[in-house]
Amino acid sequence: MTPHETPRGPVDSSRVPRYAGPATFARLPRLDEVGTADIAVVGVPFDSGVSYRPGARFGGNAVREASRLLRPYNPAQDASPFALAQVADGGDIAVNPFDIHEAVETVEAAADELLGTGARLMTLGGDHTIALPLLRSVARKHGPVALLHFDAHLDTWDTYFGAEYTHGTPFRRAVEEGVLDTSALSHVGTRGPLYGKQDLTDDEKMGFGIVTSADVYRRGADEVADQLRQRVGDRPLYISIDIDCLDPAHAPGTGTPEAGGMTSRELLEILRGLSSCNVVSADIVEVAPAYDHAEITAVAASHTAYELTTLMSRRVAREKSAR
């Protein structure tokens, strides 16, 4: 797309009911229908890295189905994201469910190809293992990136059963590989029991700050968003969201739920407070629809993806107007 082309938006719900037609994200066109996109929404149906309940391989399509209810104007950010930028559904990255090393390589290669077109990525997992290859690819384009990691868990453990690549280890590997800017890392929404205090000590040594779910409750979304903005500045920013950062009341459909989490309202408000940040790509992972009820988790994830897409669309528009 050139800066002067008009983006192709979602299917008109006044002509085709929301429950009809293909379930692309937000009923947007497929990537092969528009050729190139500013933001590509892609799925990674993979959950071979989970340590407890499986099922996140079905998360991407569940989020797409729930996103049928999204509309083209986002009043919370006063923006029409699909008019500001061309957003398209790039389908799924098909990965080997039996070989985690091959799967990681496949995700990385596919991300390289998509980012090489100039697109930002909005990735729908899948389990959190996929964050590592995505970060590798984003860092290859932008250099080491700032990271905001929304999660009940740290995901900076070393190994599980001797395995280095799991959904609990991606950010330790990312730090070790130098793809993260260790001056601008933060977990948000963490809570629950750990294996020991050393988990926190190791995490701090890697450069992570921590905003717990209790911090969000006590301090409020606006203050937390302000703290995160100051930590990140205008660095290229990757946002990784494990849906279990939300309390199980708001996201029961996930593999490792922890009591005492954020509300969906708090998560959305924090994201809206990051409008000045340079979000270069993002992911939402660990939606496991087999454990969901009335699409509670999928709806929360679809709205989260919508806010992230709006943040990126606004940034794309600003960059185009500056050319």
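**A walk through the eight-stranded sheet and its surroundings**

Asp155 lies in the loop between β4 and α6. In this predicted model, the residue has a positive phi of about 55°, although it is not a glycine. Is Asp155 buried or exposed? Its relative accessible area is 4%, and because buried means under 20%, Asp155 counts as buried.

The loop between β4 and α6 also contains Phe161. Phe161 is another residue other than glycine with a positive phi, in this case near 50°. Its surroundings can be judged from the relative accessible area, which is 90%, so Phe161 is exposed. The loop that joins β4 to α6 thus holds a buried Asp155 and an exposed Phe161.

The loop leads into helix α6, which spans residues 170-177 and is mostly covered, with six of its eight residues buried. Those buried residues are Pro170, Phe171, Arg172, Arg173, Ala174 and Val175. Two arginines, Arg172 and Arg173, are therefore among the buried residues of this helix, each being under 20% relative accessible area. What do the buried residues of α6 pack against? Their partners are the helices α5 (131-142) and α7 (198-205), together with the strands β4 (145-150), β5 (180-190), β6 and β7. After the helix comes Gly178, whose phi is positive, near 75°.

Several of these partners belong to one sheet. It is an open sheet of eight strands, paired in parallel, and its order is β2-β1-β3-β8-β7-β4-β5-β6. Which strands form the edges? They are β2 (87-92) and β6 (208-212), each of which pairs on one side only. From one strand to the next, the twist averages 15°. In general terms, strands of a sheet pair through backbone hydrogen bonds, in either a parallel or an antiparallel sense.

The edge at β6 is a convenient place to enter the sheet. Here β5 and β6 pair in the parallel sense over five bridges, and Leu185 stands opposite Phe208 in β6. The two strands are also linked through a helix: β5, α7 and β6 make a right-handed β-α-β unit.

Further along the order of strands, β4 and β7 run parallel and are joined by five bridges. Within this pair, Leu148 has Ile239 of β7 as its bridge partner. Strand β7 (residues 236-242) in turn pairs with β8 (residues 278-285), again in the parallel sense, over seven bridges. Two of the bridge partnerships can be followed by residue: Leu237 is matched with Val279 in β8, and Asp242 is matched with Val285 in β8. How many residues of β7 are buried? Six of the seven are, so the strand is largely enclosed by the rest of the structure. The connection between β7 and β8 passes through helix α10 (residues 264-272), and the three elements make a right-handed β-α-β unit.

The loop between β7 and α10 contains Ala249. With a relative accessible area of 56%, Ala249 is exposed, because exposed means over 50%. Ala249 and Thr297 are 48 residues apart in sequence, and their C-alpha atoms are 9.1 Å apart in space.

Elsewhere, attention may turn to the loop between β3 (120-125) and α5, where Gly126 lies. The peptide bond from Gly125 to Gly126 is cis, with omega near 10°.

The last feature concerns the packing of two helices. Such a pair is described by the angle between the axes and by the distance between them. Helix α2 (residues 59-66) packs with helix α11 (residues 296-322) at an angle of about 80°, and the axes are 8 Å apart. Because angles from 65 to 115 degrees count as roughly perpendicular, α2 is roughly perpendicular to α11. Which residues meet where the two helices come together? From α2 the residues are Ala62, Val63 and Ala66, and from α11 they are Ala298, Val299, Ala301 and Ser302. By class, this contact comprises six nonpolar residues, one polar residue and no charged residues. The spacing within a helix helps in reading such a list: an α-helix has 3.6 residues a turn, so residues three or four places apart point the same way.

Key. Residues are numbered from 1 along each chain as its sequence is written. This is a predicted model: local features need pLDDT of at least 70, side-chain atom pairs count only at pLDDT 80 or more; totals for chains, interfaces and linings use all residues. Side-chain values use heavy atoms; hydrogens and water are left out. Axes are lines fitted to C-alpha atoms, for helices over the stretch in contact, and angles run from 0 to 180 degrees between N-to-C directions. Helices (H or I, at least four residues) and strands (E, at least two) are DSSP runs, numbered from the N terminus. Angles under 35 degrees count as roughly parallel, over 145 as roughly antiparallel, 65 to 115 as roughly perpendicular and the rest as oblique. Contact means heavy atoms within 4.5 Å. Ala, Val, Leu, Ile, Met, Phe, Trp, Tyr, Cys and Pro count as nonpolar, Asp, Glu, Lys and Arg as charged, and the others, Gly among them, as polar. Two strands pair if DSSP finds at least two bridges between them. Buried means under 20% relative accessible area, exposed over 50%, partly exposed in between (1.4 Å probe, protein chains only). A crossover is right-handed if, with the strands pointing away from the viewer, the path from the first strand over the helix to the second runs clockwise.
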